[in-house]
There are 2 protein chains.
Amino acid sequence: MINFEALFKVSYGLYIVCSGDNNKGNGFISNTVFQVTSEPPRFASCCNKGNYTAELIKKHGAYSVSVLDTNVSPEIVGTFGYKSGRDTDKMTGLNIKYGGTGVPIVLNSAIAFLEFKVVQTVDVGTHLMFIGDLINAEIIDDTKDPLTYLYYRQVRKGVAPKNAPTYIDKSKLESKSKDISFKKFKCPACGYIYDESTELIRFKKLPDDWVCPVCGSDKSDFFEVDNK
Amino acid sequence: MINFEALFKVSYGLYIVCSGDNNKGNGFISNTVFQVTSEPPRFASCCNKGNYTAELIKKHGAYSVSVLDTNVSPEIVGTFGYKSGRDTDKMTGLNIKYGGTGVPIVLNSAIAFLEFKVVQTVDVGTHLMFIGDLINAEIIDDTKDPLTYLYYRQVRKGVAPKNAPTYIDKSKLESKSKDISFKKFKCPACGYIYDESTELIRFKKLPDDWVCPVCGSDKSDFFEVDNK
């Protein structure tokens with residue numbers, strides 16, 4: 001028996017994983033960055049095979065990891081969590097540092113960063129796991145806390161995008177008590193669903209300056225969706 | 001440049017990873033359990049090659065993961081974090097469930113558990129990474145929070161054992177202000193060091209019923225060590 005709610009008990013941080021160079025760089029928000037050995041300091045990071053960043057990591061053999069701050073800006077989440085770098089240059093207007101391998105490192109909303117040289121690539125199915133040796137690690141702001149996936153879901157009310165390793169189809173979750181008088185509203189930019197049955201505040205009662213907790217879109221942009 | 005303090009900004013949960021059967025089972029405390037794909041739900045877990053549990057996972061092709069509670073008992077930490085199953089039967093006296101693959105699942109101090117069938121084993125150096133498909137997931141207690149490595153370090157004052165992927169030799173950390181009048185005291189059971197220079201409370205000022213935050217050994221068992 002699989003209760004998908006149990007998967008939410010596994011803890012993750014949230015990071016921007018980047019690759020490329022100063023000509024063309026790209027990155028995405030990842031929750032799967034973890035150390036696999038201490039001697040040498042070696043990490044693994046998973047990336048959906050269809051992600052543009054996966055192509056760049058394969059090409060450049062290196063990637064950076066920016067550890068996000070709990071107060072990460074909605075613009076950073078919107079850009080790196082819900083857009084593809086094939087269509088847009090995500091680095092425009094951001095504070096970018098280039099590491100020893102030449103990969104871009106996003107400094108906005110970051111409290112620390114790490115840089116890796118890929119030593120092994122493992123095919124784990126829908127995702128590639130890039131195993132990399134640490135070549136650079138710096139703290140940007142030691143006074144702030146790292147963003148965790150739990151905090152992002154509980155406090156920031158965020159949801160994992162569809163190509164994340166931890167994406168869970170809501171139909172697989174155990175059914176909560178549902179009142180058909182509750183409605184759902186969708187963010188057109190990032191797909192975030194505001195669900196009155198779990199939020200317990202009517203969407204129309206939210207203040208006019210309320211914005212999408214994921215990508216910062218205006219309340220007025222939301223539209224009602226089928227309550228399924 | 002590598003600032004090892006930056007590695008502490010990466011977030012992890014803490015788990016007991018077990019394998020074996022009802023005749024001989026073993027487990028260890030791990031911080032590297034993470035989902036790598038959502039379709040199918042597939043996870044990875046790292047295990048030091050020298051760990052007895054690594055032998056058992058290779059033999060049985062399956063493992064369980066118990067998600068620890070923030071209030072994990074010191075006995076559980078002491079048994080699974082700092083002892084080898086080659087010398088002792090860690091399962092004695094515990095509340096153990098046997099999963100669909102026959103592996104033991106520790107229910108003490110756990111809020112949820114997951115069970116995996118190994119589909120791939122990756123050699124990442126000092127550690128093996130066992131990639132497993134989820135076959136069982138249950139919540140034990142939904143009212144409690146999962147233990148994180150940050151909480152364990154900051155609140156429970158715990159340290160990673162030497163064979164953990166995240167073990168950091170303290171000499172690699174950036175030097176903090178050191179006052180040679182501060183002393184250090186070591187736990188003989190688990191090796192935990194009480195460092196007056198970071199705790200800012202004299203060891204002798206601690207109450208007599210103070211116990212090792214890692215394994216629960218008595219204050220009177222501690223001994224002074226060189227202040228290096």
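# Exercises on a predicted two-chain model

By the rule used here, there are 14 salt bridges over all chains. The model is a predicted one.

## Exercise 1: A salt bridge between chains

Task: Find which side chain meets Asp142(B) in a salt bridge, and explain why the pair joins two chains.

Solution.

Step 1. Find the partner. The side chain of Asp142(B) meets that of Lys9(A), at 2.7 Å from N to O.

Step 2. Check the cut-off. A salt bridge needs a side-chain nitrogen of Lys or Arg within 4 Å of a carboxyl oxygen of Asp or Glu. The closest N and O atoms of Lys9(A) and Asp142(B) are 2.7 Å apart, and the pair forms a salt bridge.

Step 3. Place both residues. Asp142(B) lies in the loop between strand 9 and helix 3 (149-154) of chain B, and Lys9(A) lies in the segment before strand 1 (15-20) of chain A, so the pair joins two chains.

Step 4. Turn to the whole interface. Across the interface of chain B and chain A, the rule finds 2 salt bridges.

## Exercise 2: The interface

Task: Describe the contact of chain B with chain A. How many residues take part, and which elements of chain B supply them?

Solution.

Step 1. Count the residues. Chain B gives 54 residues to the contact, and chain A gives 54 residues.

Step 2. Take the area. About 4,300 Å² is buried between chain B and chain A. Carbon and sulfur atoms give 61% of that area.

Step 3. Pick out the top three. Lys9(B), Ser11(B) and Gln35(B) supply 15% of the area that chain B buries against chain A. That is more than any other three residues.

Step 4. Look for polar contacts. The rule finds 18 residue pairs in polar contact across this interface, with both residues at pLDDT 80 or more.

Step 5. List the elements. On the side of chain B that touches chain A, two or more residues come from each of strand 3 (33-37), strand 4 (42-48), strand 8 (110-123) and strand 9 (127-139) of chain B. Strand 9 of chain B gives the largest share, 9 residues.

Step 6. Sort by class. The side of chain B that touches chain A has 32 nonpolar, 14 polar and 8 charged residues.

## Exercise 3: The sheet of 7 strands

Task: Trace the sheet of 7 strands in chain A. In what order do the strands run, and which are the edge strands?

Solution.

Step 1. Read the order. The 7 strands form an open sheet in the order 2-1-5-8-9-4-3 in chain A. The pairing is antiparallel.

Step 2. Find the edges. Strand 2 (25-30) and strand 3 of chain A each pair on one side only.

Step 3. Add the twist. From one strand to the next, the twist averages 35°.

Step 4. Zoom in on one pair. Strand 5 (residues 62-68) and strand 8 of chain A pair in the antiparallel sense over 7 bridges. Val67(A) stands opposite Ala112(A) in strand 8 of chain A.

Step 5. Add the helices. Helix 1 (residues 52-60) of chain A lies across strands including strand 1, and runs at about 50° to strand 1 of chain A. Helix 2 (residues 74-82) of chain A lies across strand 1, strand 2 and strand 5. Helix 2 runs at about 100° to strand 2 of chain A.

## Exercise 4: The sheet of 3 strands

Task: Now take the sheet of 3 strands in chain A. Which residue is the bridge partner of Lys186(A)?

Solution.

Step 1. Set the order. The 3 strands form an open sheet in the order 11-10-12 in chain A, with antiparallel pairing.

Step 2. Name the edges. They are strand 11 (193-195) and strand 12 (223-225) of chain A.

Step 3. Find the angle. Neighbouring strands here are turned by 35° against each other on average, direction ignored.

Step 4. Match the residues. Strand 10 (residues 184-186) and strand 12 of chain A pair over 3 bridges. The bridge partner of Lys186(A) is Phe223(A), in strand 12 of chain A.

## Exercise 5: Backbone exceptions

Task: Locate the cis peptide bonds at Pro40(A) and Pro40(B). Then find where Ser109(A) and Ser109(B) lie.

Solution.

Step 1. Recall the background. Most residues other than glycine have a negative phi, and most peptide bonds are trans.

Step 2. Take the cis bonds. One joins Glu39(A) and Pro40(A), with omega about 0°. Another joins Glu39(B) and Pro40(B), with omega about -5°.

Step 3. Place the prolines. Pro40(A) lies in the loop between strand 3 (33-37) and strand 4 (42-48) of chain A. Pro40(B) lies in the loop between strand 3 and strand 4 of chain B.

Step 4. Check phi. Ser109(A) has a positive phi, near 55°. Phi of Ser109(B) is near 55°.

Step 5. Place the serines. Ser109(A) is in the loop between strand 7 (104-106) and strand 8 (110-123) of chain A. Ser109(B) is in the loop between strand 7 (104-106) and strand 8 of chain B.

Conventions:
Residues are numbered from 1 along each chain as its sequence is written. Chains are lettered from A and ligands numbered from 1 in the order in which they are written. This is a predicted model: local features need pLDDT of at least 70, side-chain atom pairs count only at pLDDT 80 or more; totals for chains, interfaces and linings use all residues. Side-chain values use heavy atoms; hydrogens and water are left out. Two strands pair if DSSP finds at least two bridges between them. Helices (H or I, at least four residues) and strands (E, at least two) are DSSP runs, numbered from the N terminus. Axes are lines fitted to C-alpha atoms, for helices over the stretch in contact, and angles run from 0 to 180 degrees between N-to-C directions. Contact means heavy atoms within 4.5 Å. Buried area is the accessible area (1.4 Å probe) that two parts lose on being put together, summed over both. A polar contact is a pair of N or O atoms within 3.5 Å; within protein, one must be able to donate a hydrogen and the other to accept it, and residues adjacent in sequence count only if both atoms are side-chain atoms. Ala, Val, Leu, Ile, Met, Phe, Trp, Tyr, Cys and Pro count as nonpolar, Asp, Glu, Lys and Arg as charged, and the others, Gly among them, as polar.
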